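Please consider the following structure together with its sequence. The explanation below leads through its parts in turn.

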Amino acid sequence: MKQNMGTTDRVARLVLASLFAVLWFQHIVTGTFGIIVLVLGCVFLLTSVIGTCPLYNLFGISTCTRKKTTQ
């Protein structure tokens with residue numbers, strides 16, 4: 001898959017995934033909301049590692065910086 005996430009976007013998702021994991025494992029968020037937060041954190045972690053967000057593809061969004069081509 002073609003990457004469509006820039007470095008800033010990937011780092012932000014990693015930070016959020018870490019925060020969500022801490023909230024879950026410290027039992028700050030529990031129940032149904034806790035499960036939703038944990039699943040969302042897993043999605044953020046996965047998309048930041050692979051560098052591709054399926055929703056970005058769906059809406060044609062890309063936060064990657066474009067490489068300059070020289071002629």
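Which residues line the largest pocket? In this predicted model, the lining is formed by Lys2, Gln3, Asn4, Asn57, Ser62, Cys64 and Arg66. Sorted by class, these residues comprise one nonpolar, four polar and two charged. The space within the largest pocket amounts to about 200 Å³. Such a space can be found by a simple procedure: a probe the size of a water molecule, rolled over the atoms, shows where emptiness remains.

The secondary structure may be considered next. The chain contains three helices and zero strands, and its elements follow the order α-α-α from the N terminus on. The radius of gyration of the chain is 15 Å, whereas the globule rule gives 11 Å for 71 residues; the former is well over the latter, so the chain is more spread out than a compact globule. Along the principal axes, the C-alpha trace of the chain spans about 55 × 20 × 15 Å.

How, then, do the helices H1 and H2 pack, and at what angle? Helix H1 covers residues 7-25 and helix H2 covers residues 31-50; their axes lie 8 Å apart and form an angle of about 150°. Because angles over 145 degrees count as roughly antiparallel, H1 is described as roughly antiparallel to H2. The crossing in which H1 passes H2 is left-handed. To the contact of H1 with H2 belong 13 nonpolar, five polar and two charged residues.

Methods:
Residues are numbered from 1 along each chain as its sequence is written. This is a predicted model: local features need pLDDT of at least 70, side-chain atom pairs count only at pLDDT 80 or more; totals for chains, interfaces and linings use all residues. Side-chain values use heavy atoms; hydrogens and water are left out. On a 1 Å grid over the protein atoms alone, a cavity is a set of points where a 1.4 Å probe fits but cannot get out, and a pocket is an open set with protein on both sides within 12 Å along at least five of seven lines; lining residues have an atom within 4 Å of a point. Grid points are joined across faces, edges and corners, and a volume is the space filled by probe spheres set on the points. Ala, Val, Leu, Ile, Met, Phe, Trp, Tyr, Cys and Pro count as nonpolar, Asp, Glu, Lys and Arg as charged, and the others, Gly among them, as polar. Axes are lines fitted to C-alpha atoms, for helices over the stretch in contact, and angles run from 0 to 180 degrees between N-to-C directions. Helices (H or I, at least four residues) and strands (E, at least two) are DSSP runs, numbered from the N terminus. Angles under 35 degrees count as roughly parallel, over 145 as roughly antiparallel, 65 to 115 as roughly perpendicular and the rest as oblique. A crossing is left-handed if the near helix is turned anticlockwise from the far one by less than a right angle, and right-handed if clockwise. The radius of gyration is taken over C-alpha atoms; the globule rule is 2.2 Å times the number of residues to the power 0.38.
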